[in-house]
Amino acid sequence: MFASVYGMTVLGLRAHLIRVEVDVSNGLPSFDIVGLANIAVKEARDRVRSAIRNSGYQFPLQRVTVNLAPADLRKQGSGLDLPIALGILAATEQCLCSGLDHYVFSGELSLEGSLRPVPGILTMAMTLHRNNQQLESEEEKKVKKLCLIVPQENLSEARLVGGLETHSTSTLRRVVQALEENYNFEDEILSQIAHVEELSNERQVDWTDIQGQQHVKRALEIAAAGGHNVILVGPPGSGKTLLAKAYSGILPQLSETESIEVTQLYSSCGLLACNGRLIQHRPFRSPHHTITKVGMIGGGRDLRPGELSLANYGVLFLDELPEFSREVLECLRQPLEDRELTITRQSGSITYPAHVSVISSMNPCPCGFLSDQGRMCRCTPMQIQNYRGRISGPLLDRFDMHIEVPRLNYSELKNISKESESSSTVRERVMAARQRQWDRLGPAKTNAEMTAKETKEFGRLTPNGEALLQRIFDSQHLSARAHDRILRVARTVADLGGFPDILPEHLAEAIQFRVLDKRLDM
């Protein structure tokens, strides 16, 4: 007896259609799953056996062989439980449905036969919708489009993809009944899900919550407008962490394409709430400095994404940057340059996006009070050099702006200005500057992502500006990468002011945001 059912598996940000082939033959009772299945898939044997029995069906006391085709593709996750169970019921003629090959099933089974949600449903729905569109374009093939069947908790997420027929049920038995009885699924009464902004329980820090530090606010506004990476350098308690948290509030909301990509990534990791809403706010990830390399860039047995990819199109905040291990920091060099990360292991290779803005903070010295007028620094020059030497020169070059955050005095701390701008006001200027960049570079591309050719074309300077940059370049012994990043920041300063060309004052403002280039040269 033989039957086949369609399921899906997710690897990284890609979903693959799996043909679950079930053969039930005479022989000693056994249950084998073949086809490069990982541990979670192989453990489906016990879940499926108990779910079938507790749903009122008979599990065959014969030789049961399940093949997951294509056999050379790695399968992972518990979402193949439901198609495996349906394949066994169809092979033993306990599920009589002639159109079983018109459906794709995904869901984890409990021992009592109820369906549990699985991660990656949005990726599955998007892939299945593309496959259906390809079938529609082939007019000579009169093939019925595939329909996706998911657990109830995943239905809202699946219906984020318009044009795809999706249904849900709560138990294995009701799936079988729905297939046999005029396809009467247990769908909730849901209208077409709109792109609704997700709810956030954490209140964002507003620009008005920060006293003083006007030059730092100006620098972060420039960084937000151009998507630049930033290092905040200052003594303890000067407001570096608060400024970094407020930074995410002046960033524009995600575009529709970016929102889908971020939601898809969080869905694949199982971090998406089952509310049927796209993520609209840019992610803000703040890993502790004890994080491992795998935790930062991803990997492991299942090649899961790390904090770098989870901050895609958002902010990766690295507090106390020198305290991170050298191995973790050095692994960020290539992704920050290429805006993507490829993880290659013996089990396979997966590419994750890394369109992030990195905001990091550090003290100027081990004790933290170097150049602080109110406290005396007791660190020796060698201690300061060793402390800052934890950040390599190549990594430091990846940061466009180095901003000094001084300690506030009492009058600055208590001076509450009624004219302080809110995050929404600053965000409007940031959006206007980004629109100028999109008109010049293309949709969703910022100045920080300009290539060397684009930097040369759009970063042209006046003769006075060339003379100023040459003097700084030679005196500070800057690298070619630092040279291009200064031009990109200057281009952003000009965009914020609405100037088509980079003026000397724009270049001068960009140069002042390179304090570590000067101070590390001891």
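Which residue in β2 stands opposite Met-8? I began my notes with this point, working from a predicted model.

**Entry 1. The N-terminal strands**

I found that Leu-17 in β2 is the residue opposite Met-8. Strand β1 (residues 2–11) and strand β2 (residues 14–25) run antiparallel and are joined by 10 bridges. I noted that the two strands make a hairpin, with 2 residues between them. In the turn, Gly-12 has a positive phi of about 70 degrees.

I then followed β2 to its pairing with β4, where 7 bridges join the two strands, again in an antiparallel arrangement. Val-20 has Leu-68 in β4 as its bridge partner.

**Entry 2. The sheet with parallel pairing**

I next traced an open sheet of 5 strands, in which the pairing is parallel. I recorded the strand order as β11-β14-β17-β10-β18. At the edges are β11 (284–285) and β18 (401–404), each of which pairs on one side only.

Within this sheet I looked up the junction of β14 (residues 315–318) and β17 (residues 357–362), and counted 4 bridges between these parallel strands. Phe-317 stands opposite Ile-359 in β17.

**Entry 3. The nonpolar cores**

I looked up the largest nonpolar core and recorded 45 residues in it. Ile-84 and Phe-105 have the most contacts inside this core. Helix α3 (residues 81–91) gives the most to the core, contributing 8 residues. Apart from this core lies another, of 43 residues, which includes Ala-223, Val-405, Ala-433 and Leu-478. I set beside this the general tendency of nonpolar side chains in soluble globular proteins to be buried together.

I then listed the contacts of Phe-105, leaving aside residues up to four places away in sequence. Among them are Val-5, Tyr-6, Gly-7 and Met-8, as well as Leu-82, Pro-83 and Leu-86. Ile-149, Val-175 and Leu-179 are also touched by Phe-105.

**Entry 4. Aromatic pairs**

I recorded 4 aromatic pairs in the structure. In the pair of Phe-31 and Phe-59, the ring centres are 5.5 Å apart and the planes are at 45 degrees, so I entered this pair as tilted. Phe-31 belongs to strand β3 (residues 30–34), whereas Phe-59 is in the loop between α2 (44–54) and β4 (63–69); the pair therefore ties together parts that are 28 residues apart in sequence. Both Phe-31 and Phe-59 are buried.

I also entered Tyr-103 and Phe-185 as a tilted pair, with 6.2 Å centre to centre and 50 degrees between the planes. Tyr-103 is in strand β5 (residues 103–105) and Phe-185 in the loop between α6 (172–180) and α7 (214–226), so this pair ties together parts 82 residues apart in sequence. The relative accessible area is 5% for Tyr-103, which is buried, and 10% for Phe-185, which is also buried. Tyr-103, Phe-105 and Phe-185 form one aromatic cluster.

**Entry 5. Arginines over rings**

I noted Arg-375 over the face of Phe-369, at 4.1 Å from the ring centre. Arg-440 lies over the face of Phe-458, at 5.7 Å from the ring centre.

**Entry 6. Cysteines**

How many disulfides does the count come to? I obtained 0 disulfides. For Cys-377, the nearest cysteine sulfur is that of Cys-365, at 3.6 Å. Cys-379 is likewise in no disulfide, and the nearest cysteine sulfur to it, that of Cys-367, is 3.5 Å away. A disulfide requires the sulfur atoms to be within 2.5 Å, so I left these cysteines unpaired. I recorded Cys-377 as partly exposed, with a relative accessible area of 22%, and Cys-379 as buried, with 16%.

**Entry 7. Helix α21**

Is Leu-507 buried or exposed? I found Leu-507 buried, with a relative accessible area of 0%. This residue lies in helix α21 (residues 504–511). Leaving out residues up to four places away in sequence, I listed Leu-461, Gly-465, Leu-468, Leu-469, Ile-486, Ala-490 and Ile-502 as the residues touched by Leu-507. The C-alpha atom of Leu-507 is separated by 16 Å from that of Ile-403, which is 104 residues away along the chain.

I noted His-506, Leu-507, Glu-509, Ala-510 and Ile-511 as the buried residues of α21. The buried residues of this helix pack against α7, α19 (463–476) and α20 (480–497).

Notes
Residues numbered from 1 in each chain as written. Predicted model: local features only at pLDDT ≥ 70, side-chain atom pairs only at ≥ 80, totals over all residues. Heavy atoms only, no water. Buried < 20%, exposed > 50% of the residue type's maximum accessible area, 1.4 Å probe, protein only. Contact = heavy atoms within 4.5 Å. Core = buried A, V, L, I, M, F, W, Y, C linked by side-chain atoms within 4.5 Å. Phe/Tyr/Trp six-rings, centres within 6.5 Å; stacked < 30°, edge-to-face > 60°. Lys NZ or Arg CZ within 6 Å of the ring centre and 35° of its normal. Pairing = 2+ DSSP bridges.
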